[in-house]
Amino acid sequence: MDRRQQKRLIAWLLAPSLVFVTVMGAFPVLSQFVLSFTEFNMKFADERGFAGLSNFAKLAGDAIFRQDLWQTFSFTVISVGLELTLGLAVALLLNRIRRGRTVFNTAIILPWALPTVVAATMWSLILNDRVGLVNSVLGQLGLIEDPIVWLGPGLAMVSCILADVWKTVPFVAIILLAGLKSVPDQYYEAAELDGAGRWQVFRYVTLPLLKPFIAVALLFRTMDAFRVFDVIWVLTGGASRTETLSIYIYKVLFRYSDMGYGSAMTVALFAIVFVLSLVLIRFMRISQDPVSE
Amino acid sequence: MTTSQRMRSTGLWALRIGVAVLCLLPFYWLANVSLSTPSAVYKIPVDYFPKPAVIDNFRAVFETRQFPRNIWNSFVVASLTTLLTLGLGAPAAYALARLKVHRKELVMALFLGIAIFPAIGMVGPLYMAMARLGLINRYPALVLPYTLTSLPLAVWILTHYFSTLPGSLEDAALVDGCSPGSAFLRVILPVSTPGLFTSAALIFIFAWNEFLFALIMTSTPESRTVPVALALFAGLHELPWGTIAAATLVSIVPVLVLVAVFQRQIVEGLTAGTQK
Amino acid sequence: MRSSTETQRLRMALLIGAGALLVGTLSGCSQDDGLTRIVFAAGQDPSGATAALIEEYNAAHPDVEVTFQVMPANTDTQHDAYTTYLSARETSIDVYSLDVIWTAEFARANWIVPLPDGLIDPDAFLSGPMESVTWEGTRYAVPWFTDAGLLYYRIDLLADAGLDVPVTWDEFTAACAAATPDEGMGFVWQGARYEGLICNFLEFLWGRGGSLDRDHLVSSPDRAASEIAGTIDFMRSLTETGVSPASVLTYKEEDSRRIYTEGQALFLRNWPYVWSFAEGEESKVAGTVGIAPLPHAAGETSYSTIGGWNIALSAYSEHPDEALEFISFITGTHSLKKRAIEGGYLPTRIATYADEDVLTANPYYASFFEVFKNTKSRPRSPHYPQLSDVVQDKVHRALSGEIDSETAARDIVSELTELYAR
C-alpha cells in the first residue's frame, strides 16, 4: 500500500467521527469557554457583560470550590482504587470458570445495568438507619446495638463510595475480562512449562498483558469518578462533606442560573481532569509493555 | 484432585458465589419491596420476605402509564446510540491503532477532551440546538448527545483493543489481495467481537441509564425513557416504593435478556485473533 | 461463515432500519388541524384528577387542545427543567405550575408575565398563597394548591401521660420526656440537607421571634445572628438530648412520616399529606392522630412555612388568551374541588373549605384551615435558590457539628444580606 493510498484510507476512517465530534461538540464546548469570560445570569439577561478573568478570580477565592475539589479528589482516589482492585479480583475469579458462566456473567453485569438514580435510591433504602436491610441484619446478628446512621455525618462519604463501587466494579471487571480473554493460552502453558508458580504467572504474564486494559479502565474510571454526580446527589444531596465539584457546578448552572460563573467552573473542572488524564497517560506509557504496542 | 486443590476449588466457588450475592443483593431487595404491600417497606422490624406477597404493584405499573412504551424508547435510543457510536468509532480506532496517523496524539487528545468535558455544561446549549432543529421528542435529540459523550470511550477502548491484535492478520489478508479497507471489514472486525461487544455493552447501558438529557429533551409521557418514567411514579411528598421497585424490575427485563444472550460475547467472546 | 453478499445485504438492511428509526419520533407526530394547542407543564398527579380535568376542558372547547406535560413531581427537578426551557425561550409550553418559592425568580427573569387585573378575585383566596403570587406589587400567578407545616401528635400517648397538647417548646420537651413510646422517639422532622430543611428551620426560628427577612437582617444584623444561633442550638439540643434521633439529619418527608405511622414517634412535623396515610388502612396509629400548630417559645407566636404551587403564564406563549382561559379553569372552584376530593390537594380558595363535598371527602380540612391562618413565606428574592442553599448548607453543617452555631449564623446573615442587595 503506498503512502497516498494509506492517507486516503486514514481520512475515510477518521473523518466521520472527527466531523461528528466537531459539529456536535463545538457549540456546547465553545459556548462554555466564551461564557466563562462573561458576567451572565439567565435570570438577569439584561445585565449581561464582559467579565474578563473575574469569574476565574472569584473561583480562586471560593472556599466551597476548594473544599469540593478536595472531597472530589478523595472520592476519586478511594473509589477508583477499590474498583480496580476488586474489578481485577472479580475478573480473575470469573475468567476460567467452567460451570454456570451465564449466571455469573449476568450477575456481575446487572449492577452496571441498573440506572444510577434507581441504584442510589435503592441503597438509600437499604442503608436507612431504621428500616434498612443492613442495620436490620447487623442488629439481628447482635453486631450493633444502636442503628448506624450510614448516610449521616461521618459515614456519608463511605456510603457514597460503597454505592459507587458496587455499581462500577462490574464496569472494570468487564473491561479486564475482555483483556484476559486476549491473553493466549500458550503464554500460560509456556509459563507453566517453565515451572512458574501461580503468583509468578500472574505477576509476569497476566499483569503485563493486562496493562493496556487496566490503563483504559483506570483512565475512564478516574475521569468519571472525578465528575461523579448522581450517586451522591441521591444519597446525600451533597451534605455531610460529600459535595463534589459536579454537584456544585450543577447547582450554579441549573439552580442559580449563573452561566458565567458556572461555565468558569466547568472550564476549570475540564482543565483539572485533562491534566489528571495526561498525567495518567504519561504514567501508563512509561509502564506500558512492548507487547501491547 | 488433592485435598489442597479441592479446598482451593471450594474456596474459589465460595468467593464467586459471594460476589454474585453481593451483586444481586439490591435486586433481592427490589423484588421483596415490589411484592409487598405499600406499608411493608416501612415496617419495623424489617420483613425479609413479602408477607403476604401481592402483585398489585406490577398491576399498577401496567395499568396507569405508558410504561412499556417508555421501555421501548429506551431500547431504541440505546440501540441507535450503540450502532452509531460503533459505526463512527470502530473505523477511527482502527486507523489510530494500526495505521500511521499523522498527529495521532492530537486526535486522541481531541477525543479525550470531549470525553472529559463535563456533560452538565452541555445540556443547555444542546437543548437550544435540538429545539432549533425541531428534534425535541424525537430519537436524535437523545441519540446524538449520547453518541457525542460515548464516542470517545469507544474510540479509546477499541484503539487499545485493535493494537493488541498481531500485525500478521492484515498482512495475510493483503497478500490474499484484499484492500486495506476490506481487510478491516473482513479480517479485523470479525476477530474483534469481544472488544466490540464490550464497548457495545458499555455504550448501551450508559444510554439506557442517562437521566438529565432524557428529562430535558423529552416532554410527553409517551416520549420519556425509563429513568425519567421511573421518576414520574413519585408524588410531591410521597414515594410509592412498591410501584417504583416493580417498575424498575420490569424495566430490567430487556436488559437482563440482552445481557444473558450476549454475556458470552461481552465477557467471553473469541480469544481475539491471537490464536489464529 | 455467511457468504459475503449475504453479510452485505444484512448490513444494508441494518443501516436502512437504523436510518428509519433515527428520523422517527419518540411519540406521535402532531398534525395541523386548526386547533389551538396549549401545553400545561406540571408535576405528576398520581390521582389522575388533573388529567381528567384537562380532558373535561378539551371536551368543552372544541377549538382548543390542552396537553398535560407531566413532569416528575419533585420540586428541584421541575425547577431545573423549566429554567432550561425558559432560558432557551421555549415557545411550546404555555402554562407552568410553579412552586411558591419561584415567583420572584421567574418574574424578575421576565419568564412569566403579569396577569390581567380582572382574572381572579384576590379576596376569594387564602392570604398566604395570595401573597406568594405577588412580586414587587404585581400579580404573576394564580394560587393552585397550598401546603403548610403541621405538628402531628399521638392523642393516646398524651392522654396516658395526662398531658395537654404542648403549646410552648418547654411544654413540648417535657411531654417528650414523659410520653415517648418505648423504643421509640419523641419528635421526628426533616433535617436532611434539602429544601425541607429550610422549611423546618424557619418554623423553629419564627417561633422564637426571629426572621430571615431582608429588612430585619439589614437593620439589626447582630440580633438576627443571635436569633439564628439560638435556633440552631435549640435544634441541636433536640438530637443531643435524645428527643430526636441523630439520624433526623438524613430525614426527608417520607423517612419521618413512616416512623410516625409505624407508631414509633410521639410527635411529627410534616405537611398535610400525612393525614390520609396516618388514618389509612396500613397505619398503626389510625384513630389516635392529632394535629396542632407547631410549638413556639414562651411569649412568641407559632408560624407554619407555607408551601404549595401556583399557575403562571409563560412569557413565550404564542396563545396567551387561550392560555389565560385555561388558567382560569384549572384554578377555578370546580377544579380545586375535584383535585381536593380525588387527589387530596389542599385548595387555595377559601370557600372550598366550607364546601360539603370537600368536607365529606376530607373531614379534617376544617382543622387545617385554622393552621393556615398563621403561615409565613420563605424569604422572597430572585436569588431564592441560592439563598436557600446557603441556609441549608450552614444549618446542616452546624447541626452535624462541622461548624459552630455562631459561625453558621454570622455566615447566613452576611451571605443573605449580600444576596438581597444584588
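Where is the place of Ser381(C) in chain C? I looked it up first. Ser381(C) sits in the loop between β13 and α17 (384–400) of chain C. The model is predicted, and I read it as such.

**Entry: Ser381(C)**

I asked next whether Ser381(C) is buried or exposed. Ser381(C) has 20 other C-beta atoms within 10 Å. The cut-off for buried is 20 or more, so Ser381(C) counts as buried. I then listed its contacts, leaving out residues up to four places away in sequence. Ser381(C) touches Ala104(C), Leu387(C), Leu419(C) and Tyr420(C). I also checked Glu406(C), which lies 25 residues from Ser381(C) in sequence. The C-alpha atoms of Ser381(C) and Glu406(C) are 25 Å apart in space.

**Entry: domains of chain C**

I took the domain assignment of chain C as it stands. Domain 1 covers 36–147 + 306–376, and domain 2 covers 148–305 + 379–421. Their centres, taken over C-alpha atoms, are separated by 28 Å. Domain 1 of chain C puts 19 residues into the contact, and domain 2 of chain C puts in 21 residues. I noted which elements of domain 1 face domain 2. α4 (103–108), β6 (141–148), β11 (304–313), α16 (365–372) and β13 (375–376) of chain C each give at least two residues to that side. α16(C) has the largest share, with four residues. By class, I find eight nonpolar, seven polar and four charged residues on the side of domain 1 that touches domain 2.

**Entry: chain C against chain B**

How many residues of chain C are in contact with chain B? I find 30 residues of chain C meeting 35 residues of chain B. On the chain C side, α1 (4–23), β2 (64–71), α3 (75–87) and α11 (253–261) each supply at least two residues. The largest share there is four residues, from α3(C). The chain C side divides into 12 nonpolar, 12 polar and six charged residues.

**Entry: chain A against chain B**

I moved on to the contact of chain A with chain B. Chain A gives 72 residues and chain B gives 77 residues. Which helix gives the most to the side of chain A that touches chain B? Helix α1 (residues 3–35) of chain A does, with 16 residues. The chain A side has 52 nonpolar, 16 polar and four charged residues.

I followed α1(A) to helix α5 (residues 120–132) of chain B. The two pack at an angle of about 125°, with their axes 9 Å apart. α1(A) and α5(B) are therefore oblique to each other. The crossing is right-handed. From α1(A), the contact uses Phe27(A), Pro28(A), Ser31(A) and Gln32(A). From α5(B), I list Gly121(B), Met122(B), Pro125(B), Leu126(B) and Ala129(B). This contact has six nonpolar, three polar and no charged residues.

**Entry: a helix pair within chain B**

I turned last to helix α4 (residues 104–116) and helix α6 (residues 139–163) of chain B. They pack at about 135°, and their axes are 8 Å apart. Why do I call α4(B) and α6(B) oblique? An angle of about 135° is over 115 but not over 145, so the pair falls in the oblique class. α4(B) and α6(B) make a left-handed crossing. Phe111(B), Leu112(B), Ile114(B) and Ala115(B) of α4(B) meet Leu148(B), Pro152(B), Leu153(B), Val155(B) and Trp156(B) of α6(B). I sorted these residues by class: nine nonpolar, no polar and no charged.

Conventions. Residues are numbered from 1 along each chain as its sequence is written. Chains are lettered from A and ligands numbered from 1 in the order in which they are written. This is a predicted model: local features need pLDDT of at least 70, side-chain atom pairs count only at pLDDT 80 or more; totals for chains, interfaces and linings use all residues. Two residues are in contact if their C-beta atoms, placed from the backbone, lie within 7 Å. Ala, Val, Leu, Ile, Met, Phe, Trp, Tyr, Cys and Pro count as nonpolar, Asp, Glu, Lys and Arg as charged, and the others, Gly among them, as polar. Domain bounds come from an automatic or database domain assignment. A residue is buried if 20 or more other C-beta atoms lie within 10 Å of its own, exposed if 12 or fewer, and partly exposed in between; C-beta atoms are placed from the backbone. Axes are lines fitted to C-alpha atoms, for helices over the stretch in contact, and angles run from 0 to 180 degrees between N-to-C directions. A crossing is left-handed if the near helix is turned anticlockwise from the far one by less than a right angle, and right-handed if clockwise. Angles under 35 degrees count as roughly parallel, over 145 as roughly antiparallel, 65 to 115 as roughly perpendicular and the rest as oblique.
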